[in-house]
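Reader: I'm new to this structure and would like a close look at one part of it. Could you walk me through the empty spaces, starting with the second largest pocket?

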Amino acid sequence: MGRIPGAAFAREEGNAAGGYNECSMRAWNRARLLWGYLRRRSRLAALPVEYIVETTAKCNLYCPMCPRETHPQPKADMSGEVFETLVLQACESAEHMMLIGLGEPFLDPNIFERIEFCHRHSISTLLSTNGTLLDEGAAGRVLDSPLEQITFSFDGAKKETFEFYRKGANFEKVRDNFVRFARMKSERRSRLQVVVQMVKMEGNAGEVDDFLAFWRAVPGVDQVRVKEDETNLMRPDAGHAAGEWKHPCHYLWRGPMYIKHNGDAYPCCQSYMLGGAPVGTIGRQTLVEIWNSGTMEWMRRLHAAGRGGEVEVCSRCCTTIPHPALVAGSLILHGRTVRRLLPLVERLAYWSKAPRRLLQPPKRVGGG
């Protein structure tokens with residue numbers, strides 16, 4: 001499938017052979033995003049740095065904190081046409097794609113081909129898995145692929161807790177799958193980044209220390225993350241009140257933009273989870289048209305004016321709003337560096353170790 005004719009920011013295939021420096025092009029794209037963010041521009045002359053791409057809507061577990069509980073999903077995969085169109089339009093500017101969404105990536109029969117396709121277009125890939133399908137054979141295929149980072153979702157240190165939050169999964173089996181994978185990665189001296197992550201919720205908050213101690217001792221694990229639950233299912237009254245929007249949301253200027261399996265594009269994953277409407281569809285409009293759609297410009301104008309709370313989905317969002325200095329840093333640095341610094345930023349945000357003027361976490365709407 002060829003490029004979309006006339007799409008902005010794309011260079012012709014012949015020019016690629018002429019020696020364009022892809023790193024410089026991406027740096028220039030970030031610079032234009034940074035300028036647009038600092039000037040509070042509603043229309044941007046650049047494309048997102050990153051995307052969340054839901055290559056499949058299928059999942060084999062039922063989890064009480066997952067938006068699948070309120071947003072029923074079809075048993076469907078993203079078509080090759082939608083995926084290739086997205087990659088071909090984004091490859092001059094995108095630094096990485098997170099091949100995740102409301103599905104389990106290893107239920108996508110084409111997941112390894114998609115990873116390879118991104119790699120051929122110089123886009124780094126990341127994914128997150130529940131581990132139920134990560135047997136030794138799948139682990140070997142992952143380690144043979146150009147995947148750059150894999151996150152293991154493991155929401156608890158005790159069997160009963162884990163199996164409450166990951167209904168349909170077996171604690172011992174998933175734990176052993178993850179440990180074996182990390183060991184194989186270590187033995188192969190693979191550069192793949194392995195992250196083990198627990199979403200901190202009421203039922204597992206008392207297990208954080210045990211979780212950290214266990215996974216930090218496993219060879220081959222590069223990061224152990226404990227992050228706050230950013231969905232509203234377990235805390236429906238959380239969000240950002242209208243008066244809290246001192247700084248605009250970084251997602252509207254740098255991404256990640258969320259692409260559903262059917263090609264529908266959303267400003268971010270939260271906007272879909274909170275019932276927002278798509279701002280375009282891959283294949284019907286170009287990425288440039290979607291990124292600068294009327295809705296996107298409207299949202300940016302309100303956020304730039306300190307009125308982000310007037311956007312209904314934004315008022316109920318549970319994502320921390322960073323200070324413009326942190327957003328600027330995320331656009332100066334390459335996306336790979338930003339991803340590796342993210343756990344530190346999360347710790348600062350969720351454990352209140354940073355001044356509120358730098359990181360503004362959500363709170364209960366209408367109260368303390």
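Author: First, a bit of vocabulary: helices and strands here are DSSP runs, numbered from the N terminus, and a lining residue has an atom within 4 Å of a point of the space. Keep in mind that this is a predicted model.

Now to the pocket you asked about. The second largest pocket has a volume of about 490 Å³, and 22 residues line it. Nearest its centre you'll find His 119, Ser 124, Pro 146, Glu 148 and Arg 336. Helix H2 (22-38) gives the most to this lining, with three residues. Among the other elements that supply at least two are strand E3 (124-129) and helix H15 (335-350). By class, the pocket's lining splits into eight nonpolar, seven polar and seven charged residues.

Some of those names come back when you turn to the closed spaces. The structure holds four cavities of 30 Å³ or more. The second largest cavity takes up about 70 Å³, and its lining includes Ser 124, Glu 148 and Arg 336, which are also among the residues nearest the pocket's centre. E3 and H15 each give two or more residues to this cavity's lining, with H15 providing the largest share, three. Here the classes come to one nonpolar, five polar and five charged.

For contrast, look at the largest cavity, at about 130 Å³. Closest to its centre are Cys 249, Tyr 251, Cys 268, Cys 314 and Cys 317. Its lining has eleven nonpolar and five polar residues, and no charged ones.

Definitions and conventions. Residues numbered from 1 in each chain as written. Predicted model: local features only at pLDDT ≥ 70, side-chain atom pairs only at ≥ 80, totals over all residues. Heavy atoms only, no water. 1 Å grid on protein atoms, 1.4 Å probe; cavity = no way out; pocket = protein on both sides within 12 Å on 5 of 7 lines; lining within 4 Å. Points joined across faces, edges and corners; volume = space filled by probe spheres on them. Helix = DSSP H or I, 4+ residues; strand = E, 2+ residues; numbered from the N terminus. Nonpolar A, V, L, I, M, F, W, Y, C, P; charged D, E, K, R; others polar.
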